[in-house]
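Dear colleague,

Please find the structure below, handed over for your own inspection. My findings follow it.

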Amino acid sequence: MKRILIFAIVGLVMFGAGFGGGLLLGQSMAPKDENEIGQGRVIQNPGPIVSIGQFTSNLAGPGRHVLDCALSLELVEREGASALIQTPGWMTKIRSEIFMLMKDRVYDDLTSAEGTLQLAGDIKRSLNRMLPDVGGEAPIVNVLFENIILQ
């Protein structure tokens, strides 16, 4: 009986030491989460947002599918960016480029959030290549969908 009690106590002590050591090691090796409340999380305010209107386009591929969406562009926080985008000539080129990118899309690609984000990323890259830099930075930070309808 004493022998079983001794083995049980030694087993519990070993288990506790292993468990406690594992917790300490895990806490010291785990990356610090900077997004926790009270850690001084920094949230950047959005830059100027310019609505560029409604877009309706036929989609590529089999079937008769249509994409209808309203887009806005988030710009870098510089005065020149807003003036550049709102210049009538640039706005026409921007809208034309977006229509060309939409025409290449297939319905099945846009039915998921991933496909829609891919379209937004492609629009952003294409427009940033087309537009001149503003203060050494690309003028468009993000492409935002105000609404999107697939038919």
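In helix H5, the buried residues are Gly115, Thr116, Leu119, Ala120, Gly121, Asp122, Ile123, Ser126, Leu127 and Asn128. Please bear in mind throughout that the model is predicted. The cover over the buried residues of H5 includes strand S2, helix H3, helix H4 (107-110) and strand S3. H5 itself has 18 residues, and the distance from its first C-alpha to its last is 26 Å, close to the 26 Å expected at 1.5 Å a residue.

Two polar residues of H5 deserve a separate word. Thr116, which lies in this helix, has a relative accessible area of 16% and therefore counts as buried, the limit being under 20%. Setting aside neighbours within four places in sequence, the contacts of Thr116 are Asp109, Leu110, Phe145 and Ile148. Asn128, also placed in H5, is buried with a relative accessible area of 15%. Again without neighbours within four places in sequence, Asn128 is in contact with Ala138, Pro139 and Ile140. With Ile140 there is a specific polar approach: a polar atom of the Asn128 side chain lies 2.9 Å from the backbone nitrogen of Ile140.

The contact between Thr116 and Phe145 leads to strand S3, where Phe145 is located. Although 29 residues separate Phe145 and Thr116 along the chain, their C-alpha atoms are 9.1 Å apart. Phe145 also touches Cys69, Ala70, Leu71, Leu119 and Ala120, residues up to four places away in sequence not being counted. Is Phe145 buried or exposed? Its relative accessibility is 24%, and it therefore counts as partly exposed, since buried requires under 20% and exposed over 50%.

Val141 is likewise found in strand S3. Its relative accessibility of 36% makes Val141 partly exposed. Beyond neighbours within four places in sequence, Val141 is in contact with Glu74, Leu75, Val76 and Lys124. Val141 and Pro46 are 95 residues apart in sequence, and their C-alpha atoms lie 9.1 Å apart in space.

I turn next to the nonpolar interior. The largest nonpolar core has 26 residues, and those that touch the most other members are Ile52, Leu71, Leu73, Ile85, Ile94, Ile98 and Ile123. Two or more residues of this core come from each of strand S1 (49-58), strand S2 (66-75), helix H2 (79-86), helix H3 (88-103), helix H5 (113-130) and strand S3 (140-150). Which residues does Ile52 contact, leaving aside its neighbours within four places in sequence? They are Leu71, Ser72, Leu73, Met91, Ile94, Arg95 and Ile98.

Several of these contacts lead to H3. The buried residues of that helix are Met91, Ile94, Ile98, Leu101 and Met102. They lie on the same side of H3, because the arc they cover around the axis is only 100 degrees. The face of H3 turned away from this buried side carries the exposed residues Pro88 and Thr92. As to its length, the 16 residues of H3 should span 22 Å at 1.5 Å a residue, and the 23 Å between its end C-alpha atoms agrees with this.

One loop position may also be of interest. Gly61 is found between S1 and S2, and its relative accessible area of 45% makes it partly exposed. The C-alpha atoms of Gly61 and Val106 are separated by 5.6 Å, with the two positions 45 residues apart along the chain counted as their separation.

Finally, some values for the whole protein. Its secondary structure consists of five helices and three strands, arranged along the sequence in the pattern α-β-β-α-α-α-α-β. Of its 151 residues, 27% count as buried. Among contacts between residues at least 6 apart in sequence, 67% join residues at least 24 apart. The accessible surface comes to about 10,400 Å², and carbon and sulfur atoms account for 59% of it.

With kind regards

Terms used. Residues are numbered from 1 along each chain as its sequence is written. This is a predicted model: local features need pLDDT of at least 70, side-chain atom pairs count only at pLDDT 80 or more; totals for chains, interfaces and linings use all residues. Side-chain values use heavy atoms; hydrogens and water are left out. A nonpolar core is a set of buried Ala, Val, Leu, Ile, Met, Phe, Trp, Tyr and Cys residues joined through side-chain atoms within 4.5 Å. Buried means under 20% relative accessible area, exposed over 50%, partly exposed in between (1.4 Å probe, protein chains only). Helices (H or I, at least four residues) and strands (E, at least two) are DSSP runs, numbered from the N terminus. Contact means heavy atoms within 4.5 Å. The expected span of a helix is 1.5 Å times one less than its number of residues. The arc is that of the directions from the helix axis to the C-beta atoms. Accessible areas come from the Shrake-Rupley method with a 1.4 Å probe; for residues, only the protein chains shown count as cover. A polar contact is a pair of N or O atoms within 3.5 Å; within protein, one must be able to donate a hydrogen and the other to accept it, and residues adjacent in sequence count only if both atoms are side-chain atoms.
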